[in-house]
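Let's take a walk through this protein together, starting with the overall fold and then stopping at a few residues worth a look. Keep the viewer open so that you can follow along.

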Amino acid sequence: PEGKHGPQAYANDPERGQRPVPALSHHGSQRAVLLQTATLLGVLLLGYGYFGLLVPDPEARLQQLGLFCSVFTISMYLSPLADLAKVIQTKSTQCLSFSLTIATLLTSASWSLYGFRLRDPYIMVPNLPGIFTSFIRLWLFWKYPQEQDRNYRLLQT
């Protein structure tokens with residue numbers, strides 16, 4: 001078709017078998033992710049400025065920085081909880097990564113043990129939610145096993 005460009009160009013062409021896809025349909029979600037990323041970067045820069053400029057005592061700076069990092073680590077481990085509600089609602093673990101769950105469990109357990117050995121709560125405590133959420137996700141994998149991809153089964157035969 002003349003004059004058309006982009007994803008809509010061949011929308012009605014049966015030989016090409018393409019469905020119409022609105023251009024930039026995910027633009028809004030990209031903007032939200034970009035805004036969230038910029039906000040977190042801004043928080044990190046403010047934290048750097050705060051610790052570098054406004055907290056002159058090295059011991060106090062280290063304690064406050066440990067707390068600051070702990071909050072970020074805990075939020076990282078708790079972020080998959082939104083997906084867990086979707087898993088329970090749909091009774092499907094398709095949106096979860098089993099390998100990432102195992103990696104999270106091993107990493108957070110390792111750091112927790114390391115923090116325990118050093119008697120450092122800023123290392124130990126923030127990694128405990130990673131262990132906890134990993135066990136929740138493993139339980140969900142047990143309760144709602146992932147269906148094996150049909151194409152993968154065909155390759156195995």
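**A guided walk through the fold**

T101 touches S134, R137, L138 and F141, leaving aside residues up to four places away in sequence. That is a handy place to start in this model, which is predicted. T101 sits in helix α4, which spans residues 98–118. Is T101 buried or exposed? Its relative accessibility is 0%, and because buried means under 20%, T101 counts as buried.

Now zoom out to the whole chain. The secondary structure comes to 6 helices and 0 strands, so that reading along the sequence gives the pattern α-α-α-α-α-α. Of the 157 residues in the chain, 20% are buried. The chain exposes about 12,200 Å², and carbon and sulfur atoms supply 65% of that area. Contacts also reach across the sequence: among those with a separation of 6 or more, 59% are between residues 24 or more positions apart.

The UniProt record, an unreviewed entry, adds an annotation to place on these helices. It marks residues 33–53, 96–116 and 122–142 as "transmembrane region". How does the model draw these spans? Residues 33–53 are 100% helix and 0% strand, with the end C-alpha atoms 30 Å apart. Residues 122–142 are likewise 100% helix and 0% strand, and the end C-alpha atoms of that span lie 32 Å apart.

Next, look for nonpolar side chains that gather together. Which residues make up the largest nonpolar core? This core has 6 residues in all: L84, V87, L96, L140, F141 and Y144. The elements that give two or more residues to it are α3 (81–90) and α5 (121–143).

Y144, one of the core residues, deserves a closer look. Y144 lies in the loop between α5 and α6 (150–156). With a relative accessibility of 13%, Y144 counts as buried, because the cut-off for buried is under 20%. Leaving aside residues up to four places away in sequence, Y144 touches V87, I88, K91, S92 and T93. Take I88 from that list: Y144 and I88 are 56 residues apart in sequence, yet their C-alpha atoms are 8.6 Å apart in space.

K91, another residue that Y144 touches, has a backbone feature to check. K91 is not a glycine, although its phi is positive, at about 55 degrees. Where is K91 placed? You will find K91 in the loop between α3 and α4, and its relative accessibility of 56% makes it exposed. R119 shows a positive phi as well, near 55 degrees, and R119 is also a residue other than glycine. R119 is placed in the loop between α4 and α5. At 73% relative accessibility, R119 counts as exposed.

Aromatic rings come next. A pair of aromatic rings is described by the distance of the centres and the angle of the planes. The structure holds 3 aromatic pairs. One of them is formed by F68 and F72, an edge-to-face pair with 5.2 Å from centre to centre and 70 degrees between the planes. F68 and F72 both lie in helix α2 (residues 58–78), 4 residues apart, which is about one turn of the helix. F68 is partly exposed, with a relative accessible area of 22%, and F72 counts as partly exposed at 29%.

Why is the pair of F98 and F141 edge-to-face? Their ring centres are 5.1 Å apart and their planes meet at 85 degrees; planes over 60 degrees apart count as edge-to-face, so this pair falls in that class. The pair links distant parts of the chain, with F98 in helix α4 and F141 in helix α5, 43 residues apart. F98 counts as partly exposed at 42% relative accessibility, whereas F141 is buried, with a relative accessible area of 10%. F141 ties several stops of the walk together: T101 touches it, and it belongs to the largest nonpolar core.

Last, a word on cysteines. A disulfide is a covalent bond between the sulfur atoms of two cysteines. How many disulfides does the model hold? The count comes to 0 disulfides, with sulfur atoms within 2.5 Å as the rule. C69 is partly exposed, with a relative accessible area of 39%, and C95 is partly exposed too, at 36%.

Notes: Residues are numbered from 1 along each chain as its sequence is written. This is a predicted model: local features need pLDDT of at least 70, side-chain atom pairs count only at pLDDT 80 or more; totals for chains, interfaces and linings use all residues. Side-chain values use heavy atoms; hydrogens and water are left out. Buried means under 20% relative accessible area, exposed over 50%, partly exposed in between (1.4 Å probe, protein chains only). Contact means heavy atoms within 4.5 Å. A nonpolar core is a set of buried Ala, Val, Leu, Ile, Met, Phe, Trp, Tyr and Cys residues joined through side-chain atoms within 4.5 Å. UniProt positions are given in the numbering used here, feature names are shortened, and annotations may be inferred rather than shown by experiment. Rings of Phe, Tyr and Trp (its six-membered ring) pair if their centres lie within 6.5 Å; planes under 30 degrees apart count as stacked, over 60 as edge-to-face and the rest as tilted. Accessible areas come from the Shrake-Rupley method with a 1.4 Å probe; for residues, only the protein chains shown count as cover.
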